[in-house]
Amino acid sequence: TGRMALVAHLEDGLEKWMEDKDNPKAAAQRWVTRMRYMPNSLVTLFGLGTGWHLRALLGRIGSQDKVIAWEPEDDVLALCRQHCPELATERRVWRVKNWDEFKSIFMYVGQWDNLITASIPSYTELYPSEWLAWEEKIRRELNNLQTDQATTEYFARRWQENVLRNLKHISGSGAAARGIGQWKGPVILVSAGPRLSKNIHL
């Protein structure tokens, strides 16, 4: 009906609506139309409420876009699942319970060109510290991902050449793990990373 909405009971005895109390469905549609959307995006959504904003978001983005949504309250997450059962089979959405789950999905969700960080409007007021930490962690992970990609692109040719040059040696070499408990004294393991030439004198 577009009328179901959540209200939060705060510690000071006050109440704050987590979604628009009059028509949360319409409010969610207005929210998503204001979003700066670009094709082939990964959207990170902070807060789910009863699911109106996620539904509106899925109606706006394309079939190849993806959404990772984090709801900080377990009870609200359960209510969202009950209110939006169709989301259980929605392949564009991952709902996470904590940062570790988010990080693992963020790293392996696939190819995307744009990152959009969004929140249900009331959540930035209800959970200000969590929201700021969420944004900062996403920025850090994005920076790490970009650094890894740049490193891979820079060294890709050298890595491939090294692998091809050493194939005959690799096939006849044993795994280092076999020596555990057998070697005596200090052991040096040398890997062909980008810092090998700088540290070879050691």
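Me: Why is Asn40 called partly exposed?

Reply: This is a predicted model, and in it Asn40 has a relative accessible area of 26%. Buried means under 20% and exposed means over 50%, so Asn40, at 26%, counts as partly exposed. Asn40 sits in the loop between α1 and β3.

Me: What makes the phi of Asn40 worth a look?

Reply: Phi of Asn40 is near 55°, a positive value in a residue other than glycine. Most residues other than glycine have a negative phi. A positive phi also turns up just after α4, but there the residue is a glycine: Gly110, at about 115°.

Me: How do you know whether Ile120 is buried or exposed?

Reply: Its relative accessible area is 0%, and the cut-off for buried is under 20%, so Ile120 is buried. Ile120 belongs to the loop between β6 and α5 (123-126). Leaving aside neighbours within four places in sequence, Ile120 is in contact with Met18, Leu45, Phe46, Gly47, Leu48, Gly49 and His53. The C-alpha atoms of Ile120 and His53 are 6.9 Å apart, although 67 residues separate the two in sequence.

Me: Why is the pair of Arg92 and Glu90 called a salt bridge?

Reply: The closest N and O atoms of Arg92 and Glu90 are 2.9 Å apart. A salt bridge needs a side-chain nitrogen of Lys or Arg within 4 Å of a carboxyl oxygen of Asp or Glu, so the pair qualifies. Arg92 is buried, with a relative accessible area of 16%, while Glu90 is partly exposed at 22%. The structure holds six salt bridges.

Me: What makes Glu141 and Lys103 a salt bridge?

Reply: Their N to O distance is 3.7 Å, and the limit is 4 Å, so the pair counts. This pair links distant parts of the chain, with Glu141 in helix α6 and Lys103 in helix α4, 38 residues apart. Glu141, at 7% relative accessibility, is buried; Lys103, at 36%, is partly exposed.

Me: How do you know that Glu161 and Arg157 are separated by about one helical turn?

Reply: They are four residues apart in helix α6, which means a separation of about one helical turn. Their side chains meet in a salt bridge at 3.2 Å, N to O. Arg157 is exposed, with a relative accessible area of 64%, and Glu161 is partly exposed at 34%. Another group, Glu136, Arg139 and Arg140, is joined into one network by salt bridges that share partners.

Me: Why is Glu71 said to have no salt bridge?

Reply: The nearest side chain of opposite charge, Arg95, is 10 Å away. A salt bridge requires the atoms to be within 4 Å, so buried Glu71 is left without one. The side chain of Glu71 does reach two backbone nitrogens: that of Leu48 at 2.9 Å and that of Glu73 at 3.0 Å. The limit for a polar contact is 3.5 Å, so both pairs fall within it. Glu71 lies in the loop between β4 (66-70) and α3 (74-83).

Me: How do you know that the buried residues of α4 are on the same side?

Reply: The buried residues of helix α4 (residues 99-108) are Trp99, Phe102, Ile105 and Phe106. They cover an arc of only 130° around the axis, which means they share one side of α4. The face turned away from that side carries the exposed residues Asp100 and Tyr108. The cover over the buried residues includes β3, β4, β5 (93-96), β6 and α6 (128-165).

Me: What makes Asn98 a cap for α4?

Reply: A side-chain oxygen of Asn98 lies 3.2 Å from the backbone nitrogen of Asp100, at the N-terminal end of α4. The cut-off for a polar contact is 3.5 Å, so this pair meets it.

Me: Which residues have the most contacts inside the largest nonpolar core?

Reply: Trp31, Leu45, Leu48, Leu54, Leu57, Leu58 and Val67 have the most, in a core of 22 residues. At least two residues each come from α1 (24-33), β3 (41-46), α2 (52-60), β4, α3 and β6 (114-119). The biggest contribution, five residues, is from α2. Apart from this core lies another, of 21 residues, including Val76, Trp99, Tyr123 and Leu126.

Conventions. Residues numbered from 1 in each chain as written. Predicted model: local features only at pLDDT ≥ 70, side-chain atom pairs only at ≥ 80, totals over all residues. Heavy atoms only, no water. Buried < 20%, exposed > 50% of the residue type's maximum accessible area, 1.4 Å probe, protein only. Lys, Arg positive; Asp, Glu negative; His and termini not counted. Polar contact = N/O pair within 3.5 Å; in protein donor to acceptor, adjacent residues only side chain to side chain. Core = buried A, V, L, I, M, F, W, Y, C linked by side-chain atoms within 4.5 Å. Arc of directions from axis to C-beta. Contact = heavy atoms within 4.5 Å.
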